[in-house]
Amino acid sequence: MEDSAATIASRIPMLTIPGSLLTIIFGALLIVASNGGYSFGAGWVSAAFLLWFVAVGLSVAVLGPAERKLHDLAQREASAGRAESAELIALAHDSKFGMVVHALSFLLVVFLYLMVFKPGN
C-alpha cells in the first residue's frame, strides 16, 4: 500500500520530536562522560544548547502550527476531491514558513560547525 504525502507528513513529528530530545540528552551525557574534557561552560557547548532551544522554539511556535494548518487544508481538499486551491498554494509558499525552514537549515550548519570544530576549546 502506497502512503500519501499527507500520511507521510503526519508521521514526521514521530521522528523529529524524539530525535530532538535524544540529541539534547545524549549531548549532555557526552559532556558529563568526557570526565572534564568538555564542560557546559565552554562557549561552543553553551552556544549549541542555546541554538537547540531556539530551533525547538521555532519548530514549536511557527513550523508546527503552519504544517498542521497545511496538512488539514490538504486533507479537506483531497477528501472533497478538489485539486489544490490557491489558498493551499499560498499557504505552502508563505514567507514566514519559508524563512523558518531556512533558519532551521542554517542552525543545522552552525550546529555541525560547533560540534566539529569546537571553537574556543
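These legends walk through several close-up views of a predicted model.

**View 1. The whole chain is built from helices.** Welcome to the fold: the protein chain has four helices and zero strands, and along the sequence it reads α-α-α-α. With a radius of gyration of 19 Å, well over the 14 Å that the globule rule gives for 121 residues, the chain is more spread out than a compact globule. Its C-alpha atoms fill a box of roughly 60 × 30 × 20 Å along the principal axes.

**View 2. Helix α2 carries a kink.** Helix α2 runs over residues 43–79. At 1.5 Å a residue, its 37 residues should span 54 Å, and the end C-alpha atoms are 51 Å apart, which agrees. Where does α2 kink? Look at S59, where a kink of about 40 degrees is centred. Follow the chain to just after α2 and you meet G81, which takes a positive phi of about 75 degrees.

**View 3. The largest pocket draws on several helices.** This pocket has a volume of about 1400 Å³. Its lining counts 42 residues, and T16, I17, S20, V56 and S59 lie nearest its centre. You have already met S59, the centre of the kink in α2. Helices α1, α2, α3 (86–92) and α4 each give two or more residues to the lining. Which helix gives the largest share? That is α2, with 17 residues. Sorted by type, the lining holds 29 nonpolar, nine polar and four charged residues.

**View 4. Confidence varies from helix to helix.** Across the protein chain the mean pLDDT is 87, and 92% of the residues reach 70 or more. Confidence is highest in helix α4 (residues 95–117), at a mean of 93, and lowest in helix α1 (residues 5–33), at 83. A handy habit when viewing any predicted model: where pLDDT is low, the coordinates should not be read in detail.

Notes:
Residues are numbered from 1 along each chain as its sequence is written. This is a predicted model: local features need pLDDT of at least 70, side-chain atom pairs count only at pLDDT 80 or more; totals for chains, interfaces and linings use all residues. Side-chain values use heavy atoms; hydrogens and water are left out. The expected span of a helix is 1.5 Å times one less than its number of residues. The bend at a residue is the angle between axes fitted to the seven residues ending there and the seven starting there. pLDDT is the predictor's confidence in each residue, from 0 to 100. On a 1 Å grid over the protein atoms alone, a cavity is a set of points where a 1.4 Å probe fits but cannot get out, and a pocket is an open set with protein on both sides within 12 Å along at least five of seven lines; lining residues have an atom within 4 Å of a point. Grid points are joined across faces, edges and corners, and a volume is the space filled by probe spheres set on the points. Ala, Val, Leu, Ile, Met, Phe, Trp, Tyr, Cys and Pro count as nonpolar, Asp, Glu, Lys and Arg as charged, and the others, Gly among them, as polar. The radius of gyration is taken over C-alpha atoms; the globule rule is 2.2 Å times the number of residues to the power 0.38.
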